[in-house]
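Please look over the model below. The report that follows starts with one helix and works outward to the whole chain.

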Amino acid sequence: MRTLGNYVNGQNVDSTSESTAPVYNPATGEQTLQVALSSVEETLNAISAAEQAFAGWSKITPLKRARILFKFKALVEEHVDELARLIASEHGKVFSDAKGEVTRGLEVVEFACGIPHLQKGEHSMNVGTGVDSYSMMQPLGVCAGISPFNFPAMVPMWMFPIALACGNTFVMKPSEKDPSTPLRLAELLKEAGLPDGVFNVVNGDKEAVDVLLTDERVEAVSFVGSTPIAEYIYATASAHGKRVQALGGAKNHMVIMPDADLDQAVDALMGAAYGSAGERCMAISVAVPVGEETAERLREKLVIQLNQLSVGPGLVEGPDNDMGPLVTCEHLEKVKDYIRIGEEEGAELVIDGRYTSIPGGEDGYFIGGSLFDRVTPGMRIHSEEIFGPVLCIARAASFDEAVSIINEHEYGNGTAIFTRDGDAARQFCEQIQVGMVGVNVPIPVPMAFHSFGGWKRSLFGPLHMHGPDGVRFYTRMKTITQRWPGGIREETNHFTMPTH
Ligand code: NAD
């Protein structure tokens, strides 16, 4: 069986580690590869490669760095189908969704191509007599990224294009569940002209991650994954003096007001709850209809659409399915467990995806879409992240109750309101304690030139990913105040000049 190794100093290198993890095709349940779980020494080697490359890379002009990223963008576009196939075959999401993921990642590359403009710093003349002051935004050095399984292309691309454009070097630690895509991106970066050692990939688990969190040569750590691990990453890397942004889990609510266009809201909910089998940190997992009548009508329409949801392999001839399999067998069992828990807690299981038949998918990690009604905040299926195609309806009697259901939740990643009432929408945007808010937009993922991040236990650290925060995260400001005698002479001359 093929073993995926690492990418260090501009080349694919076999791992010397004895330890490996299996990689499956979730649609067939077949093991297709294994991935090395790198040792401490291998991880240290990757950091050394990045450290050595930093001196040269940080001094290359910003425009030359941007030009390499422009070429990388063109290469990713050329290989988008190949990358999407890799994603679909290891993650399970459907092909069009996998292509969409690559496109969203590319938007960050496009943003990063313009970083020379954002890294110009600030300048003030004559802040004192003959004194000028200016701030420069310097790169940090070696940065590390640790990414989750659910976006094997996009999440790494939230991180490294900005870090590299700002003049840093990078060590990426992808998810061990779908590790092929970041390695392919490393090859494309080299083809685009990136010097060796500037971008490295280390495959592995906690052992490799712990080296990145503690080695003194790593200046900054970007993490995206579940909340318990995000919290650990934030605490450990911060204790070792690093700058950290650690994005965690989510439970996203969509409020449906009585005046909302219900057909539009239901279409939006179907994509937001069941797209990518619910394995999205911005998936809507709780619908909050306001008023009993809204709830009844919403439920009726959801049931009709849910019965038409097509579930099947992500890579098929002809039109895509709506939803592919879950990523692993363990994850499938976890999602099934949550459905059992919800029943035990007294929620009404309106549609049970465990019994959806998926012809040809018997060995894959498939599950149909599930719908619970009458879910209340005390239930575990409401308080915990399921990360599967399970939508809960939590009925609210009023707008205020809907807002408090969301604000009392421990997560605050994304949320949305569907309404025709501008006042309600405005109040919602102002009062809601969530980082990303949609008004008649179900998955309000900010574009690359804005920043992405949640509130509360969905984010540890002050700075969000990409956009202006991304540039702030990957640069360090230095402010220079300088006085030159010429300025003083000029001032003196000015005062001693004879007046006419
Ligand atoms: P995960 O936390 O299990 O793993 C994420 C990364 O951390 C992987 O690279 C993994 O190898 C590493 N890791 C796992 N356990 C570790 C440990 N004990 N010590 C050190 N490193 C460890 O997450 P996942 O299951 O891959 O991804 C799904 C989660 O990611 C969900 O909770 C989802 O909400 C979250 N997510 C959040 C966002 C966001 O923007 N907030 C985006 C995507 C995914």
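Which residues in helix 8 are buried? They are Ala-208, Val-209, Val-211, Leu-212 and Leu-213. The cover over these buried residues includes helix 1 (40-59) and helix 9. Strand 8 (142-146), strand 9 (169-173) and strand 11 (218-224) also belong to that cover. Note that this is a predicted model.

**The ligand shell**

Helix 8 also has a part around the ligand. Helix 8 (206-214) and helix 9 (227-239) are the elements that give two or more residues to the shell. In total, 28 residues surround the ligand. The closest are Pro-148, Gly-225, Ser-226, Gly-249 and Cys-281. By class, the shell divides into 13 nonpolar, 10 polar and five charged residues. Both domains take part: domain 1 and domain 2 each supply at least three residues to the shell.

**Two domains**

The protein chain is divided into domain 1 (3-248 + 458-480) and domain 2 (252-439). Their C-alpha centres lie 31 Å apart. The contact between them takes 21 residues from domain 1 and 25 residues from domain 2. On the domain 1 side, helix 3 (80-91) and helix 4 (95-113) are the elements that give two or more residues. That side of domain 1 has nine nonpolar, eight polar and four charged residues.

The table sets the class make-up of the ligand shell beside that of the domain 1 side.

| Set | Nonpolar | Polar | Charged |
|---|---|---|---|
| Shell around the ligand | 13 residues | 10 residues | five residues |
| Side of domain 1 that touches domain 2 | nine residues | eight residues | four residues |

**Strand 13**

Where does strand 13 stand on burial? Strand 13 (residues 252-256) is mostly covered, with five of its five residues buried. Cover lies on both faces. Asn-252, Met-254 and Ile-256 are buried on one side. His-253 and Val-255 are buried on the other. Strand 13 pairs with strand 14 (residues 284-289) in the parallel sense, over five bridges. Within strand 14, Ala-287 is the residue opposite Met-254.

**A three-strand sheet**

Strands of a sheet pair through backbone hydrogen bonds, either parallel or antiparallel. One open sheet here is formed by three strands in the order 1-5-4, with mixed pairing. Strand 1 (3-4) and strand 4 (20-25) are at its edges. Each has a single partner strand, so one side of each is left without a neighbour in the sheet. Strand 1 and strand 5 (residues 30-36) pair in the parallel sense over two bridges. Thr-3 stands opposite Gln-34 in strand 5.

**The whole chain**

The protein chain holds 17 helices and 23 strands. Its radius of gyration is 25 Å, close to the 23 Å that the globule rule gives for 500 residues, so the chain is as compact as a globular protein of that length. Along the principal axes, the C-alpha trace spans about 90 × 65 × 40 Å. Buried residues make up 53% of the 500 residues. How much of the contact set joins residues at least 24 apart? Among contacts between residues at least 6 apart in sequence, the share is 71%.

Technical notes
Residues are numbered from 1 along each chain as its sequence is written. This is a predicted model: local features need pLDDT of at least 70, side-chain atom pairs count only at pLDDT 80 or more; totals for chains, interfaces and linings use all residues. A residue is near a molecule or strand if its C-beta atom, placed from the backbone, lies within 6 Å of it. Helices (H or I, at least four residues) and strands (E, at least two) are DSSP runs, numbered from the N terminus. Ala, Val, Leu, Ile, Met, Phe, Trp, Tyr, Cys and Pro count as nonpolar, Asp, Glu, Lys and Arg as charged, and the others, Gly among them, as polar. Domain bounds come from an automatic or database domain assignment. Two residues are in contact if their C-beta atoms, placed from the backbone, lie within 7 Å. A residue is buried if 20 or more other C-beta atoms lie within 10 Å of its own, exposed if 12 or fewer, and partly exposed in between; C-beta atoms are placed from the backbone. Two strands pair if DSSP finds at least two bridges between them. The radius of gyration is taken over C-alpha atoms; the globule rule is 2.2 Å times the number of residues to the power 0.38.
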